[in-house]
Amino acid sequence: MDKEQAREELDRIHAIIKDGIADTMDIYGVNRSIGQLYATLYLSDDPMNLNELRDELGMSKGSMSIGVRKLLDENIIHRVYRKGERKDLYEAEQDFFQFFTSFFTRRWERERDVNMAAIKEAVPYYKALIENEEVPEEIQAEASFTLDKIHSSLAYYEFLDMLVTQFRTGNLAKELVERYKDANK
């Protein structure tokens, strides 16, 4: 096999991995093109600039810029400095445990924040319905039933807070990784 054939074969194999990573990220709500962007950086030996990424992926510079910004916000790619390089360079987080922690804790926090804001807004209205003697008993009962459900869901959001804290401090992730390593010796 000559160098050109070997390069084509390696690129074909890289494409399999890139598609797998992009599909996985799509499952978790990151669009496929941004997943391809992460995968390209992940498989690259060196940091890449936007022009190199655009050439590799065939995306517009605008789409590339938006994708890079999203991945930077997710803390799963990083801006790097190289002496003499004028363009911003990016590299992917190589540690999948760190990727997992960054990616999911942000989602868990968002889930908690969105739902807690909704609960905070809705609870006084439920209470007002329940306490208003002019509201039919059937509506009061439904509001009371729903309010009880909401109060019981608060334990889940407390759990999410603890989970995020444990992942952010690294305690839970480290413990699970160690258990995994011990189990697979």
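**Helix packing around α2: group meeting talk**

Let me begin with a single residue, Arg-54, which is found in helix α3. Before going further, I should say that what we are looking at is a predicted model, and everything I describe this morning was computed from that model. Is Arg-54 buried, partly exposed or exposed? With a relative accessible area of 28%, Arg-54 is partly exposed, because that value falls between the 20% below which a residue counts as buried and the 50% above which it counts as exposed. If we leave aside its neighbours within four places in sequence, Arg-54 is in contact with Met-59, Ser-60, Lys-61 and Met-64. As for Met-116, it is 62 residues from Arg-54 in sequence, and the two C-alpha atoms are 40 Å apart in space.

Now let us turn to the helix that I would like to spend most of my time on, α2. This helix has twelve residues, and from its first C-alpha to its last it reaches 16 Å, which is close to the 16 Å expected at 1.5 Å a residue. Which residues of α2 are buried? They are Ile-34, Gly-35, Gln-36, Leu-37, Tyr-38, Ala-39, Thr-40 and Leu-41, and the buried residues of this helix pack against α1, α3, α4, β1, β2 and α5.

For those of you who are new to this, two packed helices are described by the angle between their axes and the distance between the axes. Let us take α3 as our first partner. The axes of α2, residues 32–43, and α3, residues 50–57, come within 11 Å and cross at roughly 110 degrees. Because angles of 65 to 115 degrees count as roughly perpendicular, that makes α2 roughly perpendicular to α3. The crossing in which α2 passes α3 is right-handed. On the α2 side we find Gln-36, Leu-37, Thr-40 and Leu-41, and these meet Leu-53, Glu-56 and Leu-57 in α3. Sorted by class, this contact has four nonpolar, two polar and one charged residues.

The next partner is α4, which covers residues 61–73, and here the axes come within 10 Å of each other and cross at roughly 75 degrees. The two helices, α2 and α4, are therefore roughly perpendicular to each other. From α2, the contact involves Ile-34, Leu-37 and Tyr-38, while α4 brings Met-64, Gly-67, Val-68, Lys-70 and Leu-71. By class there are six nonpolar residues, one polar and one charged.

A lysine from another helix also belongs in this part of the picture. Lys-18 lies in α1, which spans residues 3–27, and at a relative accessible area of 11% Lys-18 is buried. Apart from its neighbours within four places in sequence, Lys-18 is in contact with Gln-36, Ala-39, Thr-40, Leu-43 and Glu-56.

Let me finish with two places elsewhere in the chain. In the loop between α4 and β1 we come to Asn-75, which has a positive phi of about 65 degrees although it is not a glycine; at 37% relative accessibility, Asn-75 counts as partly exposed. Further along, α6, residues 137–169, has 33 residues and reaches 49 Å from its first C-alpha to its last, close to the expected 48 Å. Among the buried residues of α6 are Ala-143, Leu-147, Ile-150, Leu-160 and Val-164. Just after α6, Gly-170 takes a positive phi of about 90 degrees.

Note on methods:
Residues numbered from 1 in each chain as written. Predicted model: local features only at pLDDT ≥ 70, side-chain atom pairs only at ≥ 80, totals over all residues. Heavy atoms only, no water. Axes fitted to C-alpha atoms, helices over the stretch in contact; angles between N-to-C directions. Helix = DSSP H or I, 4+ residues; strand = E, 2+ residues; numbered from the N terminus. Parallel < 35°, antiparallel > 145°, perpendicular 65-115°, else oblique. Left-handed = near helix turned anticlockwise from the far one by under 90°. Contact = heavy atoms within 4.5 Å. Nonpolar A, V, L, I, M, F, W, Y, C, P; charged D, E, K, R; others polar. Buried < 20%, exposed > 50% of the residue type's maximum accessible area, 1.4 Å probe, protein only. Expected span 1.5 Å × (residues − 1).
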